[in-house]
Amino acid sequence: MGVFDFVKQGVREMAIARRKQQVELEPLETRLIPVSYATAAELQPRAGGEPAGWLHALGTLSQRKGLLDGVVFSGGEPTLDPALPDAIDMVRTMGFRVGLHTAGIYPDKLAPILDRLDWVGFDVKADFADYARVTAVADSGRPAWRSLQQVLRARRDRGLALEV
C-alpha cells in the first residue's frame, strides 16, 4: 500500500490532510442507525450534509490532483450511506486511490464495493464471540466476522491492502 492521504469524516467536519496541509469540507450525507456501542455515541447525532458539501469536496479534490494519493471514506459507518458507491466511483474517476474505514457491521453493503477499494481499515471491537457483550447488540459479531472474511478473500485474491 502506498501512502494514503485521508478524507476523514468526523461528527461535524471532514478534512483532507497531506503533510501539514488541511482543508475543511462539509461531510457527505450519512444515515446512521442507533449503535449501542458506548464509545461511538458521539458519532450518532449527525445532520445530513447538503449535496453542495459533496460538490465542494469534489472541487477541493480536483484542485489537489497530483498532491493527494487517495481518499478514505470514514466516520460513523460509511457503508450506510447509499451514495457511497457513487462517491467511490467519482473519486476513482478523478484518479485517486480509494480506502474505506469500516466496522464491517453490514456485510451485504460492503460486498458490492470491495472490488472498488484499494485499502480497508477494519475496526474490530473485540473477539467476535464477545461482540454482544461489548456492543450490547445480540449476535453483533456474526456480521463483522462475515465482513472480515470478505475483506480477507479480497486481500488474498487481488492484494487489497488491509489494516485491522
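Start by selecting Gln150 and showing its surroundings: beyond its neighbours within four places in sequence, Gln150 is in contact with Pro107, Leu110, Ala111 and Leu114. You are looking at a predicted model, so keep the confidence colouring to hand. Gln150 sits in helix α5. Is Gln150 buried or exposed? With a relative accessible area of 14%, Gln150 is buried, because that value falls under the 20% limit for the buried class.

**Zoom out to the whole chain**

Now colour by pLDDT. The chain has a mean pLDDT of 74, and 68% of its residues reach 70 or more. Select residues 1–46 next: pLDDT stays under 50 over this stretch, although the model has 113 contacts for it beyond four places in sequence. Where pLDDT is low, the predicted coordinates should not be read in detail. You may want to fade that stretch for the rest of the tour.

Switch to a cartoon view. The secondary structure comes to 5 helices and 7 strands, and reading along the sequence gives the pattern β-β-β-α-β-α-β-α-β-α-α-β. Of the 164 residues of the chain, 46% count as buried. Among contacts with a separation of 6 or more, 62% link residues 24 or more positions apart. Turn on the surface and you will see about 8800 Å² exposed, with carbon and sulfur atoms supplying 53% of it.

**Follow the parallel strands**

Select β4, residues 70–73. Gly70 and Val72 point one way from this strand, Val71 and Phe73 point the other way, and all are buried. In a regular strand the side chains alternate between the two faces of the sheet.

Add β5, residues 97–102. β4 and β5 run parallel and are joined by 4 bridges; to find one of the positions where they meet, pick Gly70, which stands opposite Arg97 in β5.

Next, bring in β6, residues 119–122. β5 and β6 also pair in the parallel sense, over 4 bridges. Which residue of β6 is the bridge partner of His101? Click on Gly121. Keep Gly121 selected, since its bridge partner in β7 is Glu163. Strand β7 covers residues 161–163 and runs parallel to β6, with 3 bridges joining the two. Before leaving β6, look at both of its faces: Trp119 and Gly121 lie on one side, Val120 and Phe122 on the other, and all are buried.

**Step into the core**

The largest nonpolar core has 30 residues, and the members that touch the most others are Phe73, Val91, Leu117, Val120 and Val151. Show those five as spheres. The elements that give two or more residues to this core are α1 (51–63), β4, α2 (84–93), β5, β6 and α5 (141–158).

Leu117 makes a good stop here. Apart from its neighbours within four places in sequence, Leu117 is in contact with Ile88, Arg92, Val98, Gly99, Leu100, Arg158 and Leu160.

One of these partners, Ile88, leads you to α2, where the buried residues are Leu84, Ala87, Ile88 and Val91. Look down the helix axis: these residues cover an arc of only 100 degrees, which puts them on the same side of α2. Just after this helix, select Gly95, which takes a positive phi of about 100 degrees.

**Finish in the loop before α5**

Move to the loop between α4 (131–135) and α5, where you will find Ala136. What is the phi of Ala136? The angle is near 60 degrees, a positive value in a residue other than glycine. Most residues other than glycine have a negative phi. Ala136 counts as exposed, at 57% relative accessibility.

Asp139 lies in the loop between α4 and α5 too. Asp139 has a positive phi of about 60 degrees although it is not a glycine. At 45% relative accessibility, Asp139 counts as partly exposed. For a last step, draw a distance from Asp139 to Ala129: the two are 10 residues apart in sequence and 8.4 Å apart in space, C-alpha to C-alpha.

Conventions:
Residues are numbered from 1 along each chain as its sequence is written. This is a predicted model: local features need pLDDT of at least 70, side-chain atom pairs count only at pLDDT 80 or more; totals for chains, interfaces and linings use all residues. Side-chain values use heavy atoms; hydrogens and water are left out. A nonpolar core is a set of buried Ala, Val, Leu, Ile, Met, Phe, Trp, Tyr and Cys residues joined through side-chain atoms within 4.5 Å. Buried means under 20% relative accessible area, exposed over 50%, partly exposed in between (1.4 Å probe, protein chains only). Contact means heavy atoms within 4.5 Å. pLDDT is the predictor's confidence in each residue, from 0 to 100. Accessible areas come from the Shrake-Rupley method with a 1.4 Å probe; for residues, only the protein chains shown count as cover. Two strands pair if DSSP finds at least two bridges between them. The arc is that of the directions from the helix axis to the C-beta atoms.
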